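Here are some short exercises to work through with the structure open beside you. Try each task on your own before you read the solution.

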Amino acid sequence: KNGVVAYGKQLNLIMGYFASSIRKLQAQYAANKTRSQMGWTPDLQGFVVGEIEYTAAGARLAPPASSTRQLAPAFTPKGTLEAWSSIANFYNRPGLEAHALALLAGFASPLLKLVGGTAVKGFQVHLKSNASGSGKTTVQTAINSIFGHPTELLQTQKDTIASKIHTLGMMNSICVTIDEVTNMLDTEISDLAYGVTTGRGRHRMDANSNKLRTNHTNWCNITVTSGNASVTDKLAQMKSTADGELRRILEIEIPKLELVNKAELDSVFSKLNSNYGVAGPLYINYVIQHREEITDRILTLQRKIDEQLKLDQSDRYISFFLACVFVAGPLCVKLGILKYDIARIYAYAVRLVSHTKVQTVASAGNPLLIAQETLSSYINENLNNTLVINSVARGMLPPAPEAGHTVRGPLRMRYEPDTQKLFVTVAEFRKSG
């Protein structure tokens with residue numbers, strides 16, 4: 001009995017010691033905040049990478065919330081900055097400007113939040129090549145390696161559209177990469193283009209009540225997709241007025257690496273698996289320390305780009321993208337992260353955007369073309385609702401309809417083979433939208 005009493009007293013002393021220690025720690029140190037997203041914190045005072053939050057006062061622990069717990073380990077740095085830089089500098093060659101521009105998008109992504117505001121919440125870069133050996137997927141792994149693991153952060157065609165949008169929310173300000181999107185349904189490609197640039201997930205209704213289940217996940221970043229076909233062509237074919245989506249995407253043709261042999265490529269980029277996550281922290285630390293200066297620099301450059309390329313409000317997505325990329329690029333050179341010829345890459349980007357702008361205006365901004373596509377679509381959808389019959393001469397009985405052209409369903413059009421005239425019911429045409 002005495003032994004039990006003594007043990008109880010010792011246990012109380014131990015518990016009291018722990019309680020006292022915890023109270024003292026609480027008084028001396030602020031609690032670490034859990035973070036449910038990577039990238040910029042809501043107040044723009046910190047930037048979360050994995051389990052670390054970088055601030056102007058230094059790095060501190062930021063335990064991941066349940067939503068990002070599985071993702072956080074992919075941001076554990078490995079290797080050296082020197083080794084990573086030697087890999088990334090492979091793209092500093094004439095003819096590889098497309099690859100270099102795509103990699104710089106990974107550094108530009110965190111800057112978009114600083115200047116996008118309510119105007120732009122995201123931008124999509126699509127790497128296109130219908131030939132194997134172009135290295136478009138390799139570029140995406142290099143982008144991922146800026147902050148984290150090169151392949152674990154790469155979304156694939158097997159991931160659902162819902163999971164892709166959810167990943168956008170978790171990554172927040174860090175560039176998201178999605179491989180082979182051209183295998184997705186056309187409607188999913190359109191949803192992705194809007195989802196990337198909308199900056200938040202969908203609101204949904206509560207399954208058990210007539211209430212809106214608000215979605216609080218948001219983001220502001222650059223997403224780099226890849227595929228063996230053009231997503232802008234798919235969007236233009238899917239709908240007659242795809243101008244909204246087309247202006248949110250920059251499509252980059254990735255040339256085949258014909259002047260580089262496979263052995264050299266394998267030797268260089270196989271090192272990514274042991275060197276990653278080392279460039280991003282150095283870069284973002286500098287951005288945090290000079291945030292206002294960098295923000296001013298982006299806005300100043302944006303005005304120059306708008307003037308040079310004659311961009312207006314409808315071109316705001318590409319305008320913000322270019323300004324962020326070509327502030328990020330020189331900054332990486334200054335910090336010794338990259339040794340890129342920024343002037344050569346900028347000249348390539350200007351040519352690319354000028355050509356893209358002409359194509360977008362021609363395909364989506366031409367009112368006559370839009371009208372022709374709308375009418376063609378209506379005709380194709382209503383072939384079974386068309387009466388094919390010759391014209392009626394004055395004073396004559398109506399002729400019989402053409403054989404094999406019986407109307408199945410409501411009558412919406414009449415075609416006269418002898419006069420080659422097509423008559424469309426106006427009311428039904430307006431209803432089609």
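**Exercise 1. Is Arg 414 buried, partly exposed or exposed, and which residue does its side chain meet in a salt bridge?**

Solution. Keep in mind as you go that this is a predicted model.

- Step 1: Arg 414 has a relative accessible area of 30%. Partly exposed residues fall between the 20% and 50% cut-offs, so Arg 414 is partly exposed.
- Step 2: The side chain of Arg 414 meets that of Glu 416 in a salt bridge, with N and O 3.2 Å apart.
- Step 3: Now check the partner. Glu 416 has 8% relative accessibility and therefore counts as buried.

**Exercise 2. Find the residues that are linked with Arg 344 in a network of salt bridges.**

Solution.

- Step 1: A general idea helps here. Side chains of opposite charge can pair when their charged atoms come close.
- Step 2: The side chains of Arg 344 and Glu 97 meet in a salt bridge of 2.8 Å, N to O. This pair links distant parts of the chain, with Arg 344 in helix α13 and Glu 97 in helix α3, 247 residues apart.
- Step 3: Arg 344 also forms a salt bridge with Asp 341, where the closest N and O atoms are 3.6 Å apart.
- Step 4: Put the two pairs together, and Glu 97, Asp 341 and Arg 344 are linked in a network.
- Step 5: Look at the surroundings of each member. Glu 97 is buried at 12% relative accessible area, Arg 344 is partly exposed at 21%, and Asp 341 is partly exposed at 34%.
- Step 6: For the wider view, a search of the whole structure finds 10 salt bridges.

**Exercise 3. Work out why Glu 180 counts as buried, and find the nearest side chain of opposite charge.**

Solution.

- Step 1: Locate the residue. Glu 180 is in the loop between β7 (176-178) and α6 (186-198).
- Step 2: Glu 180 has 17% relative accessibility, and because buried means under 20%, Glu 180 counts as buried.
- Step 3: Search for a partner. The nearest side chain of opposite charge is Lys 136, 4.3 Å away. A salt bridge needs a distance within 4 Å, so Glu 180 has no salt bridge.
- Step 4: List the neighbours. Leaving aside residues up to four places away in sequence, Glu 180 touches Lys 136, Gln 157, Ser 226, Gly 227 and Asn 228.
- Step 5: Check the backbone. Glu 180 has a positive phi of about 55°, although it is not a glycine.

**Exercise 4. What is the phi of Asn 172, and where does this residue sit?**

Solution.

- Step 1: The phi of Asn 172 is positive, about 60°, although the residue is not a glycine.
- Step 2: Asn 172 sits in the loop between α5 (161-171) and β7.
- Step 3: With a relative accessible area of 5%, Asn 172 is buried.

**Exercise 5. How far apart are Asn 183 and Gln 157 in sequence and in space?**

Solution.

- Step 1: Asn 183 lies in the loop between β7 and α6, and is partly exposed at 47% relative accessible area.
- Step 2: Along the sequence, Asn 183 and Gln 157 are 26 residues apart.
- Step 3: In space, their C-alpha atoms are 6.9 Å apart.
- Step 4: Try a second pair. Ala 343, in helix α13 (residues 342-364), is 13 residues from Pro 330 along the chain, with 9.6 Å between their C-alpha atoms.
- Step 5: Ala 343 has 58% relative accessibility and counts as exposed.

**Exercise 6. At roughly what angle do the axes of helices α3 and α11 cross, and which residues meet there?**

Solution.

- Step 1: Find helix α3 (residues 97-116) and helix α11 (residues 291-309). Their axes come within 10 Å and cross at roughly 80°.
- Step 2: Angles of 65 to 115 degrees count as roughly perpendicular, and α3 and α11 are therefore roughly perpendicular to each other.
- Step 3: From α3, Leu 111, Leu 114 and Val 115 meet Arg 291, Ile 294, Thr 295, Ile 298 and Leu 299 of α11.
- Step 4: Sort the residues of this contact by kind, and you get six nonpolar, one polar and one charged.

Conventions:
Residues are numbered from 1 along each chain as its sequence is written. This is a predicted model: local features need pLDDT of at least 70, side-chain atom pairs count only at pLDDT 80 or more; totals for chains, interfaces and linings use all residues. Side-chain values use heavy atoms; hydrogens and water are left out. Axes are lines fitted to C-alpha atoms, for helices over the stretch in contact, and angles run from 0 to 180 degrees between N-to-C directions. Helices (H or I, at least four residues) and strands (E, at least two) are DSSP runs, numbered from the N terminus. Angles under 35 degrees count as roughly parallel, over 145 as roughly antiparallel, 65 to 115 as roughly perpendicular and the rest as oblique. Contact means heavy atoms within 4.5 Å. Ala, Val, Leu, Ile, Met, Phe, Trp, Tyr, Cys and Pro count as nonpolar, Asp, Glu, Lys and Arg as charged, and the others, Gly among them, as polar. Buried means under 20% relative accessible area, exposed over 50%, partly exposed in between (1.4 Å probe, protein chains only). Lys and Arg count as positive and Asp and Glu as negative; His and the chain ends are not counted.
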